[in-house]
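Let's take a walk through this structure together, starting with one helix and moving on to the loops and the charged side chains. Keep the view open and turn it as you read.

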Amino acid sequence: MPAPVPVAEPLAGTVHAYGIRRARAVAAIARRRRRDGRSLPTPGDGGRWALVAAVVGLSGVLATQAAILLQPGYLPGRMTVLYLTMLWWVTGTAGAAWLIRAAPRRLAVGLLLAGTVAIHAVALTHGPQLSDDLYRYIWDGRVQAAGIDPYRYGPLAPELAHLRDDWLFPDPAGCAAIHRGPHCIRLNYPDAHTIYPPVAQAYFTAVHVLPGPPREHRMQLYASLASLGLVILMMRVLAAQGRDPRYAAFYALSPLAGLETGSDAHVDVLAALLALSGIAALRSRRHAGSAAAGRTGTAGESGVATEPTRRRASLAGALLGAAVAVKLYPALLLPAAARRRPITLVGTAVTVMGLSYLPHVLAVGTGALGFLPQYLKVEGYAQGGRFLLLSMFGIHGATAKAVAVSLLAVVAVVVLRSDPRRIPVERAGLWLVGAAFLVATPVQPWYGILLATLAVVAGRLEWLAVAAAVHPVYVSLFTGPPGDARTLQVSSYAVAGLVVVTAAVLRRRGRTRSRHPGACRRPRRKNSTASVTEVTLSQVR
């Protein structure tokens, strides 16, 4: 009779091997999550103290916002406002970072939403702060509600005299009350036709007819609602990627949400909301959480990345087309989104844009372009003088325009040739939008709303430095900063670009180390336990 086989030792070896495999899998997931920017659970690491720090950070944001609102006069012309705005960037970023580490998580999410509402509620207590664009929004909505095409006449045209009132066109006493000279007008470029595309015009008209508080506060209210919707959508997209939804705080606690959207009610928030909705529509519901598939091309926790259906591609194209018909620059997202089902997606986007312009083209012909051609001259792009970073290398005029177009074309080709299974649409779109910022160097901080949205959902927070860099450039146009204004403008974008490049280099180096860990470590001598484990693993397999 053969001797009985001992059971304890093989069973112990199998359990030991399973423990090793599990530990290795957990460590691999942790490394991947750190590399991809996803937060890790932080039990016992002071999560409650982090929640306290997040509350302090949010209080600092609200205090800074109140200090800006209490500044007198025309705010872009005061350097104090720039200092406070940059302090807001620092405080909001720190508060968002602490909020991500805070525990319990559900309470931290509630704090994020409550803070978002509070910031916009404070913004509603004052008028616009850094821009008067919302007055043009209100005027365009009023004109269109009266049955007049907004591209037909400028605000000072005699045909629109019956629509002018003492609020948008104040008398000398009204001008003195708002610290302006006599014969002032709240609208910018009052002689020019509107520049805003048709879907933006439809939004202005909707705000005009919808209920709400009087005057500028109505436009601020609906912009704040759009901003709150953008934060919630960010959180949903982040959760679908398998990432912490609290990363939306990096936008929600920033001046982009409180100043550019809450106070100044810029329509760019609607463009960002539509663009992010289009990006979300490209994700299959069954595999919406496949974060690893979008980054590594391998199966993730919930499956593999799949090609969107025609219906989803059409929906994404319609939403992106609508975003372009709000502000034109979301068109930069089309190459990233059209890597799969390009005919369906681009065809739908072009159709939506064409249909939105069609009634105005039939009414006013080429006048539907509005102020856009003149705007490019006013901003200095037609002359090639707006490209701040290119000017560092002595590139000006027509050469600067040619170089700018060439650089963006190269990035577009790289995006189109990238694998959508490895490079998700939000990250590829960020490459194009971010490159456009660094090449065209716009001076309008509200353009950064789309950039910040993409930076958050793509897990590339270093691009927030580029969005923050626009504020010094913008304020320097209205007031004399210490030193030379041109130097401040160029250096602001240069420092932000350096932050982006440094983060990219460090991330690439971290990936190399994670893929080749043995290159940085001394090999260990195999012992008997390791040999037994390997034998046991081979038996289990």
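Which residues of helix 7 are buried? They are P198, A200, Q201, Y203, F204, T205 and V207, where buried means under 20% relative accessible area, exposed means over 50% and partly exposed lies in between (1.4 Å probe, protein chains only). Before we go on, please note that this is a predicted model, in which local features need pLDDT of at least 70 and side-chain atom pairs count only at pLDDT 80 or more, while totals for chains, interfaces and linings use all residues. Residues are numbered from 1 along each chain as its sequence is written, and side-chain values use heavy atoms, with hydrogens and water left out.

Helices here are DSSP runs (H or I, at least four residues), numbered from the N terminus. Helix 7 covers residues 198-209. The cover over its buried residues includes helix 5 (133-145), helix 8 (216-240), helix 11 (268-281) and helix 15 (342-364), with contact meaning heavy atoms within 4.5 Å. The expected span of a helix is 1.5 Å times one less than its number of residues. For the twelve residues of helix 7 that gives 16 Å, and the end C-alpha atoms are 17 Å apart, which agrees.

Now for the loops. Between helix 3 (79-101) and helix 4 (105-123) you will find P104, and the peptide bond leading to P104 from A103 is cis, with omega near 0°. In the loop between helix 6 (172-177) and helix 7 sits Y189, a residue other than glycine whose phi is positive, near 45°. Y189 is partly exposed, at 38% relative accessible area. T441, in the loop between helix 19 (425-440) and helix 20 (448-458), is not a glycine either, yet has a positive phi of about 40°. T441 is buried, with 0% relative accessibility.

Finally, the charges. The structure holds eight salt bridges, each a side-chain nitrogen of Lys or Arg within 4 Å of a carboxyl oxygen of Asp or Glu. One of them joins D244 to R105, with the closest N and O atoms 3.8 Å apart. This pair links distant parts of the chain, 139 residues apart: D244 is in the loop between helix 8 and helix 9 (249-252), and R105 is in helix 4. D244 also meets R246 in a salt bridge (2.7 Å, N to O), so R105, D244 and R246 are linked in a network. D244 and R246 are both buried, whereas R105 is partly exposed at 43%.

Note on methods. Helices (H or I, at least four residues) and strands (E, at least two) are DSSP runs, numbered from the N terminus.
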